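This report covers selected features of one protein chain. The sequence and the structure come first, and the text follows.

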Amino acid sequence: MNRILKQNAYKCVKLQTDEEGQRYVSKAYSNQGAEQDRKNTQYIDQALTFFYRNFSTYVRVPEPLAVDLAGCEIRMEYLPNLPLARLLRLSDLSLAKKFFEACYQHNTDADFLRGIEGSVIMTPGLQQLLDSNFPLALGFKGDLSENLVLGGDELILADIDSICLEPLGLSELILYAERFASIWLYPTLRSLLVAPPTPVAFQFLNKSQAQALIEATLEVLNDRMSHVRGPLKSIKRSLAGLMLNRTLARATR
């Protein structure tokens with residue numbers, strides 16, 4: 001078996017079978033220059049090893065199997081539950097509590113982590129947080145919406161290519177904001193009446209830090225909704241802001 005699962009200009013992910021008939025996933029990096037491709041391969045191998053050792057209690061992470069720095073390729077365990085996994089719903093976010101707690105407590109153990117500077121999601125608000133010495137923690141450049149998924153009753157981290165040091169809680173709040181912005185009609189009304197889960201990050205930040213993070217999150221959300229036009233974009237952003245501030249108010253009573 002040799003099937004491409006994901007491919008872009010810089011990465012190719014394949015499902016393959018070894019000599020004993022066992023399936024595995026390979027991830028190869030290319031087209032950014034030999035040295036940068038090697039560095040990217042080494043970085044993701046370090047990240048995958050770190051996650052497998054420290055996070056397997058909280059979330060299913062593929063076991064790293066081998067790395068070929070010369071060929072810029074990583075081999076990892078194939079997770080059979082992943083193809084049928086679904087995105088987390090708003091009501092599922094409480095299942096990730098221990099995962100986020102671990103992210104905020106393990107950041108000092110991962111000295112290999114790159115910063116978020118230069119990321120495509122950087123905004124003036126995020127730069128202001130960095131310039132003000134906002135607390136940093138392990139994160140994913142806001143890239144959890146499709147990568148933190150539920151396979152049966154198992155929480156799975158599908159991809160860690162975006163792993164970095166970022167303002168504490170950024171990826172978690174972006175995930176919340178995207179879920180709040182996507183709900184509509186009955187789910188919206190229900191969420192206004194029934195308290196949604198409280199982001200774990202609020203346990204690690206004071207109120208002013210949390211409010212600053214909410215504003216930076218909404219700025220990122222606004223950029224990500226470039227495909228949404230007119231009043232609908234404003235409504236979705238306002239709804240996400242309302243719900244994030246409601247959860248903060250509840251957490252700081």
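Thr41 is in contact with Tyr29, Val67, Asp68, Leu69, Cys72, Glu73 and Ile74, once its neighbours within four places in sequence are left aside. The model is a predicted one. Thr41 belongs to helix α1, which spans residues 34-55. With a relative accessible area of 0%, Thr41 falls under the 20% limit and is therefore buried. Among the contacts of Thr41 are Val67 and Asp68; strand β4 covers residues 64-68. Glu73 and Ile74 are also in contact with Thr41, and strand β5 covers residues 73-77.

**The sheet**

Strands β4 and β5 take part in an open sheet of 5 strands, ordered β1-β2-β3-β5-β4 and paired in the antiparallel sense. At the edges stand β1 (2-7) and β4 (64-68), each of which pairs on one side only. On average, neighbouring strands of this sheet are turned by 20° against each other, direction ignored.

The pairing of β4 with β5 is antiparallel and consists of 4 bridges. Within it, Ala66 is placed opposite Arg75 of β5. At the other edge, β1 pairs with strand β2 (residues 11-17) through 5 bridges, again in the antiparallel sense. Here Asn2 has Gln16 in β2 as its bridge partner. The connection from β1 to β2 is a hairpin of 3 residues.

**Helix α2 and its cover**

Which residues of helix α2 (residues 97-105) are buried? They are Phe99, Phe100, Glu101, Ala102, Cys103 and Tyr104. The elements that cover the buried residues of α2 include α1 (34-55), the strands β7, β8 and β9 (154-157), and helix α4. Helix α1, which holds Thr41, is thus one of the elements over α2.

**The crossing of α4 and α7**

Helix α4 (residues 170-182) also meets helix α7 (residues 230-251): their axes come within 8 Å and cross at roughly 125°. Angles from 115 to 145 degrees are neither roughly perpendicular nor roughly antiparallel, so α4 and α7 are oblique to each other. The crossing in which α4 passes α7 is right-handed.

On the α4 side, the residues that meet α7 are Leu173, Tyr176, Ala177, Phe180, Ala181 and Ser182. On the α7 side they are Lys236, Leu239, Ala240, Met243, Leu244 and Thr247. By type, the residues of this contact comprise 9 nonpolar, 2 polar and 1 charged.

**Positive phi in two loops**

Most residues other than glycine have a negative phi. Asn133 has a positive phi and is not glycine; the description also fits Lys141. The table sets out the two residues.

| Residue | Phi | Loop | Relative accessibility |
|---|---|---|---|
| Asn133 | near 60° | between α3 (124-131) and β7 (136-139) | 68% |
| Lys141 | near 55° | between β7 and β8 (148-151) | 27% |

Why does Asn133 count as exposed? Its relative accessibility of 68% is over the 50% limit, so Asn133 is classed as exposed. For Lys141 the value is 27%, which lies between the limits of 20% and 50%, and Lys141 is therefore partly exposed. Strand β7 borders both loops: the loop with Asn133 leads from α3 to β7, and the loop with Lys141 lies between β7 and β8. Strands β7 and β8 are also among the elements that cover the buried residues of α2.

How values were computed:
Residues numbered from 1 in each chain as written. Predicted model: local features only at pLDDT ≥ 70, side-chain atom pairs only at ≥ 80, totals over all residues. Heavy atoms only, no water. Pairing = 2+ DSSP bridges. Helix = DSSP H or I, 4+ residues; strand = E, 2+ residues; numbered from the N terminus. Axes fitted to C-alpha atoms, helices over the stretch in contact; angles between N-to-C directions. Parallel < 35°, antiparallel > 145°, perpendicular 65-115°, else oblique. Left-handed = near helix turned anticlockwise from the far one by under 90°. Contact = heavy atoms within 4.5 Å. Nonpolar A, V, L, I, M, F, W, Y, C, P; charged D, E, K, R; others polar. Buried < 20%, exposed > 50% of the residue type's maximum accessible area, 1.4 Å probe, protein only.
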